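Below is a walk through a structure with two chains, taken chain by chain and then at selected sites. The order is overall build, contact between chains, helix packing, and local backbone features.

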Amino acid sequence: MKADVGAPVAPTAARKALREAFGLKIGGAAEYVIIPALAIVVSLALFGIFVGLFGKNPLDLYFYMYQGAFGTWFSWQNTLTRAAPLILTALCTALPAQLGMVIIGGEGALLIGALTATSAALALPLAPPLVVQIAMACAGMIGGGLWIMLAGGLRHYRGVNETISSLLLVYIALAILNFLVEGPMRDPSSLNKPSTRDIGAANMIGNIPGTDVHWGFVFGIVAAVLSYILIYHTVFGFAARVAGGNIRAAKVVGLGVGKLIMITCFLAGGAAGLAGMFEVGAVQGNTNANLAAGYGFSGILVAFLARQNPLAIIPVAILLGGIGASGGLLQRRLDLPDASVLVLQGTIFLVVLASDSLYGRLGILKRKTP
Amino acid sequence: MVVATDIGLWTIPLAVLGGAVRVSTPFIFVSLGECITERSGRINLGLEGTLVMGAMSGYGVSYLTGSPWLGVLAAGVAGAAMGALHASICGLPRVNDIAVGIALMLFGTGLAFYLGKPLIEPTAPRLPSIDFGWWSDIPQVRAVLRINVLFIIGVVLAPVLVWALRTTKWGLIVRTVGESADAARAMGYSVNHVRLGATMFGGFLSGVGGSFLSLFYPGSWNEGLSSGQGITAVALVIFARWDPMLCLWASLLFGGAAALGPALQSSGMTEGYQLFNAAPYVLTLLIMIATCSPKRTLVGAPAELSITK
């Protein structure tokens, strides 16, 4: 292994074969699968040790995590239901990342999207359900889109750091939501848990036939695939990646960087807003403080774990959704606090970032340089 | 002077003033700590997590030992450990410090909620305060002038840090690393070690700031204790142009803004006070809009800082 790093020594026949199998053919791609997988295994091991310190059996932990996430049809459905908003909020971080921007305000766009979607439904009391649902989706996407576009615009036109501004916008969105839900939009009959009026049972978005998973999951996958096509197979996406790689070069060749930033941020926020719309339209039935469940923050982790690739976001969101789904079982069977899911997520995030330094350094995966 | 029994509308400015002193204390500590970290050329966005960890460990140790000051110390040590974690991951090649900060935010809050579960019920001894309002008969005035010791330490710390950055050898090393890593390397200083020290120092102060939340105001441990004070303080450092004295003034301003919502609520406002809870965040955003510019880098920004590069 050392020889690979140091002076170019002629590889042995066996290594040559390995090189040909991994290094040359799929070496680059394999790195992007093996390193994150390794990071997750290491994080699970660390979390096992952590839980072991509190006198729980790590093997029980892994068993119940698997059971709660992927063990039964019931847990699969729970996992996929949680993955739906994660795919959409992850896109909120992954799309601007193509332009070199770090947006972490998906939670705020989700809340605003939920509010605007609910408002649209409440404004159309007599319309047929399909019309209401389409109006909700449009309103949610526009609401969330404008919210993140604000962060993008501030970055481009005022030079305000988008990471900080998007996070501040989360807290502002939460204050607006609390104000509206406890004030002007409050349903007088919601006594203990302030919420808006219900959008109506007829307007609720149903489940995918034969499952308990709502349609948001399908829309999440469609959004991820469309984002992938947009980034890698259109001129717009190419321009965005050029601008993300070297903003000066982009300006020299005459790309409208401002327009790229605004449109990308709008689409990103629109995805998170759609997540909020599905949380209202398929799960909650109205807007209330429960919507701030942290999907927006977990979405950041999903995006980074997927290395900002929209297609990779789908499996990663399912994995993270599984971890979330297993939380309940861990609480009941192992008496672990509900925050254990957060600890595991944080550990995975840190290990994944630390593993960034491994790229191009694993000898066996190294591409042969001529 | 106004009549003692009824001070009418004076309640709100008094409550805001008192709130400014109380609420600003965590802002002061976190922003001073982050100021030093950023002067060394690295940004730690994870101070929200560090703050919550500090609040939890400070409360836990104060409860177990009966001494709130040991709690403050423990909070600082926990914060420094979080800082060390941040710095050691960022020290690896090709690791983005902003992303590590976000991860640490998630990890710190998760760990604090996990370990702090058994601490929600018990009551821990709280930090003392000094009564500067003995001369007044008005209870509201006395409440405002009952000033906590950590606030005083924070106020003293700001000029000390200005002096330390400007004149001491350590201050010069930190500034050199923040302005030009290559120059520091040429002088024989390890950039990673200096940043490790600066991030641990920042973590220590943030942890102490967190212990204020659980040991003085509001003075208990629960999972809703911090609502973005950590991240607001990071934004505040940018607004304060990386100057510890300006960090202090900015913290006071923010404390006042954050105290507005609760003050209006306690003075009998039943609707709309939730909007005022957004005041510190809106203020941060407005100030950043007013002071940032896309055309030039910010005055006073350390040249090695990733967010202003």
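H6(A) and H7(A) pack with their axes 9 Å apart, at an angle of about 145 degrees. The model is a predicted one, and this helix pair is a convenient place to enter it. The crossing of the pair H6(A) and H7(A) is right-handed. On the H6(A) side the contact is made by Trp147(A), Ile148(A), Leu150(A), Ala151(A), Gly152(A), Leu154(A) and Arg155(A). These meet Glu162(A), Ser165(A), Ser166(A), Leu169(A) and Ala173(A) of H7(A). Sorted by class, the contact of H6(A) with H7(A) consists of 7 nonpolar, 3 polar and 2 charged residues.

The two helices also take part in the contact between the chains. In that contact, 39 residues of chain A are paired with 40 residues of chain B. On chain A, at least two residues each come from helix H6 (129-158), helix H7 (162-182), helix H12 (295-305) and helix H14 (340-355). Which of the helices gives the most to the side of chain A that touches chain B? The answer is H7(A), with 11 residues. By class, that side of chain A has 24 nonpolar, 12 polar and 3 charged residues.

Chain A as a whole is built from 14 helices and 0 strands. Its pattern along the sequence is accordingly written α-α-α-α-α-α-α-α-α-α-α-α-α-α. The globule rule gives 21 Å for 370 residues, and the radius of gyration of chain A is 22 Å, close to that value, so chain A is as compact as a globular protein of that length. Taken along the principal axes, its C-alpha atoms fill a box of roughly 75 × 60 × 35 Å. Of the 370 residues in chain A, 51% count as buried. For contacts in chain A between residues at least 6 apart in sequence, 76% join residues at least 24 apart.

Helix H9 of chain A, residues 235-245, shows how burial is arranged on a single helix. Its buried residues are Ala239(A), Ala240(A) and Ala243(A). Viewed down the axis of H9(A), these buried residues fall within an arc of 100 degrees, so they line one face of the helix. The cover over the buried residues of H9(A) includes helix H8 (216-233), helix H10 (247-252) and helix H11 (257-284) of chain A.

Chain B can be described in the same terms. Its secondary structure comes to 13 helices and 2 strands. For 309 residues a compact globule would have a radius of gyration near 19 Å, and the 20 Å of chain B agrees with this. The C-alpha trace of chain B spans about 70 × 45 × 35 Å along its principal axes. Of its 309 residues, 55% count as buried. Among contacts in chain B between residues at least 6 apart in sequence, 77% join residues at least 24 apart.

Several sites in chain B deserve a look at the backbone. Tyr217(B) and Pro218(B) are joined by a cis peptide bond, with omega about 0 degrees. Pro218(B) sits in the loop between helix H9 (191-215) and helix H10 (229-239) of chain B.

Arg94(B) has a positive phi, near 60 degrees, although the residue is not glycine. The loop that holds Arg94(B) runs between helix H3 (68-90) and helix H4 (97-116) of chain B. Is Arg94(B) buried or exposed? Arg94(B) counts as exposed, because it has 10 C-beta neighbours inside 10 Å, and the cut-off for exposed is 12 or fewer.

Arg241(B) also has a positive phi, near 55 degrees, in a residue other than glycine. Arg241(B) is placed in the loop between H10 and helix H11 (244-266) of chain B. With 15 other C-beta atoms within 10 Å, Arg241(B) is partly exposed.

The last site is Val162(B), which belongs to helix H6 (residues 149-167) of chain B. Val162(B) counts as partly exposed, with 18 C-beta neighbours inside 10 Å. Leaving aside residues up to four places away in sequence, Val162(B) touches Pro244(B) and Met245(B). Val162(B) and Ile36(B) are 126 residues apart in sequence, while their C-alpha atoms are 9.9 Å apart in space.

Notes: Residues are numbered from 1 along each chain as its sequence is written. Chains are lettered from A and ligands numbered from 1 in the order in which they are written. This is a predicted model: local features need pLDDT of at least 70, side-chain atom pairs count only at pLDDT 80 or more; totals for chains, interfaces and linings use all residues. Two residues are in contact if their C-beta atoms, placed from the backbone, lie within 7 Å. Helices (H or I, at least four residues) and strands (E, at least two) are DSSP runs, numbered from the N terminus. Ala, Val, Leu, Ile, Met, Phe, Trp, Tyr, Cys and Pro count as nonpolar, Asp, Glu, Lys and Arg as charged, and the others, Gly among them, as polar. Axes are lines fitted to C-alpha atoms, for helices over the stretch in contact, and angles run from 0 to 180 degrees between N-to-C directions. A crossing is left-handed if the near helix is turned anticlockwise from the far one by less than a right angle, and right-handed if clockwise. The radius of gyration is taken over C-alpha atoms; the globule rule is 2.2 Å times the number of residues to the power 0.38. A residue is buried if 20 or more other C-beta atoms lie within 10 Å of its own, exposed if 12 or fewer, and partly exposed in between; C-beta atoms are placed from the backbone. The arc is that of the directions from the helix axis to the C-beta atoms.
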